[in-house]
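Work through the exercises below with the sequence and the model open. Each task is followed by a solution in steps.

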Amino acid sequence: MYKNQIKNSTNKIKTFWNIIKTETNRKNKPLTNKYQNSPDKFNKYFLSIADKITNDVRDKNRESCKTLKSPTHYLAKLFHKPFPNIQCHNMSTKEIEKIIKSLNLKKSYGYDEISTEILKISAPFISSPLTYICNRSILYGIFPTQLKYSIIKPIYKKGDRENTANYRPISLLTAFSKVFEKIIYNRLIQHIETNNILRDEQFGFRTFSSTEKASYKLVDGILNALNNRMVVGGIFCDLQKAFDCVNHNILLTKLKYYGITETTHKLIKSYLKDRYQRVILQNNSPDSRSKWGKITHGVPQGSILGPLLFLLYINDLPQITHENSKVILYADDTSIIITSPNPSNYENIVNKIFENINRWFNSNLLSLTLEKTHYMQFRNKNSSPIDLNIGHENKKITKTSSIKFLD
């Protein structure tokens, strides 16, 4: 039965995981009575997370009285001159039809109640007027307002069901939004790949890249260091809601440096600005819907364009490290492998690199969860462990003997 379900499914991965959830009794359970009629409480919480984190970072920056580098300072060190301006050409009806065809077939929908299934069926009739609208959007640099609304469904993770922090927001965007985003994405990725903008240290959300390649780079760096009889360890960083905390002004400044200027810059600014979300609970009754709330930070969850914008936001992070270190970036997972031929100054090197990492995060209004950020030493059976104290602002990170990479 399950074999036939997977074979006949249009989304085999989703079907596969639904079968696993059924067999392990992990199907999503309904919300508790306390939350059945509190969609506004959920929406307020989800919208406030990024505000709280970024405000805490700003407060720490003021309290430390340290002069932080501007976000473009690291870009200037990484790339000696700005990139050429992007060339954003018009699109054809054929391209629109190809984009619609490439979308995953889903019956779920955003606030407009139009699924990608309906969009695919309607493609022959709407592709021509949709092409006209998209080209006007590109020409004037305006992302359609009605495509900037998202529906949020809270999904329980673990822990106390009465705690809103134990729910994960799942975002449902309109199908038409994904078409517009794919158009912008195609033009951005062509510019990025032509000018070799993304660093080799970035492995997430990239064609011909994978977790396997990221893992290989990590293991290869460790084994090479051990073979050369060097001290080697790794800092594995945990960021708080990194995608949700992307600062729009910093991102737009970086985009200009990468040559994403003029009308295309205006279009992305319009895409990020004045976005709204509402929470709808599982019973979907009229009183289970929250009011619309304005989103002021981050890249849209569940979007096509959001991951690429995040990669550009963190692209200059590898610049802050030391000559004895290698950075591996996979989406918001940041891992740094640190080596030294001299054990006596190894602790100073590790702490210096960790200080630089924190400075970069602070400058970009991102925050490490120090309790979930760990250091691990790698050694063979003949080498001895080194007792290190690694910390930031009087807080130490924990040392561990095992860790899940890209968990």
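**Exercise 1. Classify Lys-153 by its accessibility and list its contacts.**

Solution. Lys-153 has a relative accessibility of 31%, so it counts as partly exposed; the class lies between buried (under 20% relative accessible area) and exposed (over 50%), with a 1.4 Å probe and protein chains only. This is a predicted model, in which local features need pLDDT of at least 70 and side-chain atom pairs pLDDT 80 or more, while totals for chains, interfaces and linings use all residues. Residues are numbered from 1 along each chain as its sequence is written, and side-chain values use heavy atoms, without hydrogens and water.

Next, place the residue: Lys-153 lies in strand E1. Helices (H or I, at least four residues) and strands (E, at least two) are DSSP runs, numbered from the N terminus. Leaving out residues up to four places away in sequence, Lys-153 touches Arg-168, Pro-169, Ile-170, Leu-172 and Ile-280; contact means heavy atoms within 4.5 Å.

**Exercise 2. Describe how E1 and E2 pair, and which way the side chains of E2 point.**

Solution. Start with the pairing: E1 (residues 149-156) and E2 run antiparallel and are joined by six bridges, where two strands pair if DSSP finds at least two bridges between them. Within this pairing, Ile-152 stands opposite Ser-171 of E2.

Then follow the side chains along E2 (residues 167-172), which alternate. Tyr-167, Pro-169 and Ser-171 point to one face and are buried, whereas Arg-168, Ile-170 and Leu-172 point to the other and are not.

**Exercise 3. Find the aromatic pair of Phe-205 and state its geometry.**

Solution. The structure holds 16 aromatic pairs. Rings of Phe, Tyr and Trp (its six-membered ring) pair if their centres lie within 6.5 Å; planes under 30 degrees apart are stacked, over 60 edge-to-face and the rest tilted. Among these pairs is Phe-205 with Phe-243, edge-to-face, with 6.1 Å from centre to centre and 85° between the planes. The two residues are 38 apart and the pair links distant parts of the chain: Phe-205 is in the loop between H7 (175-194) and H8 (211-227), Phe-243 in the loop between E3 (231-237) and H9 (248-257). Phe-205 is partly exposed, at 43% relative accessible area.

Elsewhere, ring pairs join Phe-42, Tyr-45, Phe-46, Tyr-156 and Tyr-167 into a cluster.

**Exercise 4. Check the length of H7 against its residue count.**

Solution. The expected span is 1.5 Å times one less than the number of residues. For the 20 residues of H7 this gives 28 Å, and the end C-alpha atoms are 29 Å apart, which agrees. As for burial, 14 of the 20 residues of H7 are buried. After H7 comes Asn-196, with a positive phi near 50°.

**Exercise 5. How many residues of helix H11 are buried, and against what do they pack?**

Solution. Eight of the eight residues of H11 (residues 306-313) are buried, so the helix is largely enclosed by the rest of the structure. The buried residues include Leu-308, Phe-310 and Tyr-313. They pack against H7, H9, H10 (262-272) and H12.

**Exercise 6. Locate Asn-358 and give its polar partner.**

Solution. Asn-358 is in H12 (residues 346-363) and, at 5% relative accessibility, counts as buried. A polar atom of its side chain lies 2.9 Å from the backbone oxygen of Phe-354. Outside the residues up to four places away in sequence, Asn-358 touches Leu-368 and His-392.

Methods. Polar contact = N/O pair within 3.5 Å; in protein donor to acceptor, adjacent residues only side chain to side chain.
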